[in-house]
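Reader: Hey, got a minute to go through this one with me? I'd like to ask about a few spots as we look at it.

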Amino acid sequence: MSNTIRFRTLFSVMAIITILVLLAPILLASAFAFFTYHGECYGFTDGSWACPWREYVSDQIFWSVWLDVPLGIFLIASWLAALGLWLYQRSTASDGLPLPLVIAIPLVGCFGGFSLMSIFSIFIRYFIGF
């Protein structure tokens with residue numbers, strides 16, 4: 001029983017990681033804007049223009065969120081794996097998971113996230129048309 005991790009601990013750690021992933025675009029973009037703002041915003045192809053700090057931060061947050069999407073997909077897959085193991089362990093009346101299964105959660109999350117991203121691109125191609 002000493003090599004088991006309780007679900008309460010596992011879900012608390014995963015909740016903290018989820019909160020950090022959700023806050024990362026705001027915090028990182030704000031810090032980046034604090035150090036790099038010089039009164040100009042830069043467009044993708046249309047040059048630069050004078051802009052207020054708020055607009056600059058808004059642009060940084062927008063692009064940071066796009067970088068955060070893959071992490072969110074991997075995190076969703078990890079949550080699904082953890083919830084599946086929790087539902088399975090409820091039927092066996094056990095309060096925790098053995099350490100190898102705890103280590104398997106991020107591995108399943110990586111594989112599942114990669115699979116979800118691959119399937120997502122197939123769905124986009126299907127709905128847009130061939």
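Reader: Let's start with a cysteine. Is C110 buried, partly exposed or exposed?

Author: First, keep in mind that this is a predicted model. C110 is partly exposed, because its relative accessibility is 45%, which falls between the 20% and 50% cut-offs.

Reader: OK, and how many disulfides does the count come to?

Author: The count comes to one disulfide. C41 and C51 form it, and their sulfur atoms sit 1.9 Å apart, so the pair meets the 2.5 Å cut-off.

Reader: Which handedness does the link of C41 and C51 have?

Author: The link is right-handed, with 80 degrees about the S-S bond. It joins distant parts of the chain: C41 belongs to strand β2 (residues 40–42), while C51 is in the loop between β3 (48–50) and α2 (53–91), ten residues apart.

Reader: And are C41 and C51 buried or exposed?

Author: C41 is buried, since its relative accessible area is 0%. C51 also counts as buried because its relative accessibility is 6%, and the cut-off for buried is under 20%.

Reader: Switching to helices. How far does α2 reach, end to end?

Author: α2 has 39 residues and spans 54 Å from its first C-alpha to its last. That is close to the 57 Å expected at 1.5 Å a residue.

Reader: Where does α2 bend?

Author: At D68, by about 35 degrees. A proline, P70, follows within four residues.

Reader: What happens just after α2?

Author: A93 takes a positive phi there, of about 60 degrees. D95 is in the loop between α2 and β4 (96–98). D95 counts as partly exposed because its relative accessible area is 39%.

Reader: How far is D95 from F35 in space?

Author: Their C-alpha atoms are separated by 47 Å, and the two residues are 60 apart along the chain.

Reader: Now the surface. Which residues form the nonpolar patch?

Author: F62, W63, V65, W66 and V69 form that patch on the surface. Together they have about 520 Å² of accessible area. F62 lies in helix α2, and W63 is found in α2 as well.

Reader: Is F62 itself buried, partly exposed or exposed?

Author: Partly exposed, because its relative accessible area comes to 44%.

Reader: And how far is F62 from C41, the disulfide cysteine?

Author: F62 and C41 are 13 Å apart, C-alpha to C-alpha, with their positions 21 residues apart in sequence.

Reader: What about α1, how does its span look?

Author: α1 has 30 residues and reaches 42 Å from its first C-alpha to its last. The expected figure at 1.5 Å a residue is 44 Å, so the span is close to it.

Reader: Where's the kink in α1?

Author: At L23, and it is about 45 degrees. The kink comes shortly before the proline P25.

Reader: Which residues of α1 are buried?

Author: Going along the helix, F7, L10, F11, M14, T18, V21, P25, A29 and A33 are buried. So P25, the proline mentioned with the kink, is one of the buried residues under the 20% cut-off.

Reader: Last one, why does A33 count as buried?

Author: Because its relative accessibility is 0%. A33 lies in helix α1 (residues 7–36), and its C-alpha is separated by 26 Å from that of I73, 40 residues apart along the chain.

Definitions and conventions: Residues are numbered from 1 along each chain as its sequence is written. This is a predicted model: local features need pLDDT of at least 70, side-chain atom pairs count only at pLDDT 80 or more; totals for chains, interfaces and linings use all residues. Side-chain values use heavy atoms; hydrogens and water are left out. Helices (H or I, at least four residues) and strands (E, at least two) are DSSP runs, numbered from the N terminus. Buried means under 20% relative accessible area, exposed over 50%, partly exposed in between (1.4 Å probe, protein chains only). The bend at a residue is the angle between axes fitted to the seven residues ending there and the seven starting there. Patches are made of residues with over 30% relative accessible area and no salt bridge: like charges are joined within 9 Å, nonpolar side chains (Val, Leu, Ile, Met, Phe, Trp, Tyr) within 5 Å. Accessible areas come from the Shrake-Rupley method with a 1.4 Å probe; for residues, only the protein chains shown count as cover. A salt bridge is a side-chain nitrogen of Lys or Arg within 4 Å of a carboxyl oxygen of Asp or Glu.
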